[in-house]
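I opened the model today to look up a few surface and side-chain features, and I am noting them here in the order in which I went through them.

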Amino acid sequence: MLALSAGIFFTCGFFIKVPKGVTVNNVEIGGLSRNNAVCAVRKNIEDGLKQKKLIVHGKVGEYSFTYPEIGYKDNVREIVENAQKGGSYTADISCYLNGLTEIASYICADESKPPVEPYAIFNPYGQPFTYVDGENGAQADKQKLVYDIKNSLKNSFDEVYVAVNELRPQKTLEDVYGDTKLLTSFTTYFDGSNTDRAHNIYLASQKINGCILNDGEEFSFNNTVGVRSEERGFRPAKIIENGEFVEGVGGGVCQVSTTLYNAALRAGCAITEYHAHSLAVSYVPPSFDAMVSGTVYDLKFKNVTGNSLFIRAYAGDNYVKFTIYGRGDGAQYDMMSRVTASIPAPEETTSDQTLVKEGRDGTKSEAFLTVTRDGKMKTVLLRRDSYAPVKRVVLEEAETEEGGE
């Protein structure tokens, strides 16, 4: 019975009329039921809101919001329920933007952009690098935007401007110049009249030209140059096989690997695989060579400089040259070769002039690497090698008859 009475009282409350002469926000509501009075005042508030617009200005775009995106809270019902005859009242209205946090996030994402770091484009030909300057970025201030929107809606819907903070690139163009400076060059020379060998040198070097070796990466000559076959454009030329100079496809490629080996050492790389020739070569001092053959014998080195390395290869009429750019590790690298012993060439005689060979003594040698860092020098033994002799074949001396007139 009590519950029923409470329900009747609540229902009746909706139909209690507002005293005569009452206005709320200049809306005459006297004589209306309380519920209708609230609806009348709120309709007037909403009609007013429909005429208003919240505008947010950004550098990228303009963002506008109107009712019902803009909601409101009021104390109209409280005023109506307590209104006295002839009273004139003004409701407290507070506006808000529905989903303000998400909207502010969207606007700030639209108005923000990360800085563009300056960078260098590595060119295999022409100028080694093309440099591109960076650009400042912007970070919109979300916290301030939320505050400014709330403040605008509290007052006269003043226009809001997105505040942005400038974001500068972490690097400068000077830093990029430092990342791409010339570290070292190494050149070896060959007989340009041997056109097939010169062709192989050019072909192999061009497959390496333009390589970028990032910090910690390992370079493999065989993986980069690929199989030396006639199908891939390589030609027959002299190679060393079983201690002899013989014809083989890809002759001359070892001069490319040797030249690169010397450049890599002087750039501060760690050699992880190398092989000496069985015979000494003429284009570098002993213990400076790096032979490659098939897929078994490779030249590998690892970039341990802490920065990227950029490799350029040049093959001219009678030379091959590797140039390496990067920041390096701050040290200077120098190499020294020392012959420790000579291995006499075996000799045999022949009566056939066509079988005569000049031959060559073999060599035992060492290579040393000197590292100069912060004015301090340290020299270490890099390798020891033994190069076989090449047999000499000399013509037998003709016998002379004794006596006679």
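**Surface patch**

Working from what is a predicted model, I looked for nonpolar surface and noted a patch of about 240 Å² that is made by Val-116, Tyr-119 and Ile-121. I then placed Tyr-119 in strand β8, which covers residues 119-122, and I read a relative accessible area of 39% for Tyr-119, so I entered this residue as partly exposed.

**Salt bridges**

I searched the whole structure for salt bridges and the search returned 15. I took three of the pairs one at a time.

My entry for Asp-74 and Arg-42 is a salt bridge between their side chains, at 3.0 Å from N to O. Because Asp-74 lies in strand β5 (residues 70-74) and Arg-42 in helix α2 (residues 34-50), this pair ties together parts that are 32 residues apart in sequence. Both ends I noted as partly exposed, with a relative accessibility of 21% for Asp-74 and of 28% for Arg-42.

For Asp-179 and Arg-327 I recorded a salt bridge between the side chains at 2.6 Å, N to O. This pair links distant parts of the chain, 148 residues apart, with Asp-179 in helix α6 (residues 173-179) and Arg-327 in the loop between β21 (319-326) and β22 (332-343). Is Asp-179 buried or exposed? At 13% relative accessibility Asp-179 falls under the 20% cut-off, so I entered it as buried, whereas Arg-327 is partly exposed with a relative accessible area of 31%. I also noted that Lys-171, Asp-179 and Arg-327 are linked in a network of salt bridges.

The side chains of Arg-373 and Asp-329 form a salt bridge that I noted at 3.6 Å, N to O. I placed Arg-373 in strand β24 (residues 362-373) and Asp-329 in the loop between β21 and β22, and the pair links these distant parts of the chain, 44 residues apart. Arg-373 is partly exposed at 35% relative accessible area, and Asp-329 is also partly exposed, at 24%.

**Asn-222**

Last, I turned to Asn-222, which I found in helix α8 (residues 221-225) and entered as buried because its relative accessibility is 10%. Which residues is Asn-222 in contact with, leaving aside its neighbours within four places in sequence? I listed Arg-228, Val-292, Gly-294, Thr-295, Tyr-297 and Asp-298. With Arg-228, I also noted a polar contact of 3.0 Å that joins its side chain to that of Asn-222.

Methods:
Residues numbered from 1 in each chain as written. Predicted model: local features only at pLDDT ≥ 70, side-chain atom pairs only at ≥ 80, totals over all residues. Heavy atoms only, no water. Patch = residues over 30% accessible without salt bridge, like charges linked within 9 Å, V, L, I, M, F, W, Y side chains within 5 Å. Areas by Shrake-Rupley, 256 points an atom, 1.4 Å probe, with all protein chains shown as cover. Salt bridge = Lys/Arg side-chain N within 4 Å of Asp/Glu carboxyl O. Helix = DSSP H or I, 4+ residues; strand = E, 2+ residues; numbered from the N terminus. Buried < 20%, exposed > 50% of the residue type's maximum accessible area, 1.4 Å probe, protein only. Polar contact = N/O pair within 3.5 Å; in protein donor to acceptor, adjacent residues only side chain to side chain. Contact = heavy atoms within 4.5 Å.
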